Amino acid sequence: MLVGMISDDAPAAATLEDGYVLGVVVAGTPLGNAGDASPRLQRALAVADVIAAEDTRRTRALCDALGVVPRGKIVSNFDHNEASRVEGLLEVARSGMVLVVSDAGMPVVSDPGFPLVEAAHDAGIRVSSVPGPSAVTTALALCGLRVGHFAFDGFAPRKPGARRAWLESLRGERRAVCFFESPHRIASTLDDAASVLGEQRRVAVCRELTKAFEEVKRGSLGEVAAWAQGGVRGEITVVLEGAAASAQPVGEDELAACVEEVERLVASGERLKSACAWVAERVGGVSKKQLYEAVLLARSEG
């Protein structure tokens, strides 16, 4: 039993310090490990007047695992009924507390909750949050890729044509892209990604985050796509590294400077092709073939 739980007849004002807040409260729930539930989440589950849950069975199981006995009613609030729930939940939120939870992670982020949050803001009803786990930020932290800037795209498109069009839009995306995928489609999605974006683009497939069989498979798209052909189970979050910066082509003056540098290396004993490759890689914006031809042209012109 949690400290601070209230009885059905306790006045709301007396419970403010125990997590009771008027309005709509959006709360993050554990991804799979109940030990990640915060004390604030436990109090909120205990004292809310109504808990709007993506799956009432999952929420009741979470309460049982935490030793929480909700005083309020638990109602379903999922993709196919949440629009019809809004008015009733807003009515409760005007004088009480409505707690919004998904099966795992933060509501609204590719999960139910947005229609109620939007309507509450429009109606001038307070919206607050109990921060908690998120598969997006957890995968970004674990993936070992460059994620200083990132975009979240929800679930990858299901249909092959739409999926390839979406991947085409990511060809030059400099930010890392995080998305969710089904275990039944992950292999075909990675195959398409390798085909559209190139096999060398790096990716991380993060599955079963925070659970007993948590795994992060990281590598090139070619490598990870081949691995996925053996089957991938569980809840999956994918992080695709951003495209490398494409260097601007060098101008005539810079190309001339590169030619001079190549000639200095050749004079010091370096082979011409090796010198061209080294300078081209360092400068960017010019290929070793282009630089090699520029050196030959400069020599022919005296």
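Here are four short exercises, each with a worked solution, on a predicted model.

**Exercise 1. Find the domains, then say where the largest pocket lies.**

Start with the layout. The chain splits into domain 1 (15–133), domain 2 (136–240) and domain 3 (252–301). The C-alpha centres of domain 1 and domain 3 are 64 Å apart.

Now look at the pocket, which has a volume of about 850 Å³. It's lined by 31 residues, and Ser-110, Asp-111, Phe-155, Phe-180 and Glu-235 are the closest to its centre. The elements giving two or more residues to this lining are α5 (135–142), β7 (176–181) and β10 (236–240).

Last step: domain 1 and domain 2 both give residues to the lining, so the largest pocket lies between them.

**Exercise 2. Work out what classes of residue line the two largest pockets.**

For the largest pocket, the lining has 14 nonpolar, six polar and 11 charged residues.

Next comes the second largest pocket, with a volume of about 190 Å³. Of its 14 lining residues, Pro-30, Gly-32, Arg-58, Leu-62 and Asp-103 sit closest to the centre. Sort that lining by class and you get seven nonpolar, five polar and two charged residues.

**Exercise 3. Decide how the rings of Phe-152 and Phe-180 are arranged, and whether each residue is buried or partly exposed.**

A pair of aromatic rings is described by the distance of the centres and the angle of the planes. Here the centres are 5.1 Å apart and the planes meet at 65°. Planes over 60 degrees apart count as edge-to-face, so that's what this pair is.

Then check where the partners sit. Phe-152 belongs to strand β6 (residues 150–155) and Phe-180 to strand β7, 28 residues apart, so the pair links distant parts of the chain.

For burial, the cut-off is under 20% relative accessible area. Phe-180 has 12%, so it's buried. Phe-152 has 27%, so it's partly exposed.

To widen the view, ring pairs join Phe-152, Phe-155 and Phe-180 into a cluster.

**Exercise 4. Find how β1 and β5 pair, then sort the residues of β5 by face.**

First, the pairing: strand β1 (residues 23–27) and β5 run in the parallel sense, with four bridges. As one example, Val-24 has Val-127 in β5 as its bridge partner.

Next, the faces. In a regular strand the side chains alternate between the two faces of the sheet. In β5 (residues 127–130), Ser-128 and Val-130 make up the covered face, while Val-127 and Ser-129 make up the uncovered one.

Notes: Residues are numbered from 1 along each chain as its sequence is written. This is a predicted model: local features need pLDDT of at least 70, side-chain atom pairs count only at pLDDT 80 or more; totals for chains, interfaces and linings use all residues. Side-chain values use heavy atoms; hydrogens and water are left out. Domain bounds come from an automatic or database domain assignment. On a 1 Å grid over the protein atoms alone, a cavity is a set of points where a 1.4 Å probe fits but cannot get out, and a pocket is an open set with protein on both sides within 12 Å along at least five of seven lines; lining residues have an atom within 4 Å of a point. Grid points are joined across faces, edges and corners, and a volume is the space filled by probe spheres set on the points. Ala, Val, Leu, Ile, Met, Phe, Trp, Tyr, Cys and Pro count as nonpolar, Asp, Glu, Lys and Arg as charged, and the others, Gly among them, as polar. Buried means under 20% relative accessible area, exposed over 50%, partly exposed in between (1.4 Å probe, protein chains only). Two strands pair if DSSP finds at least two bridges between them. Rings of Phe, Tyr and Trp (its six-membered ring) pair if their centres lie within 6.5 Å; planes under 30 degrees apart count as stacked, over 60 as edge-to-face and the rest as tilted.
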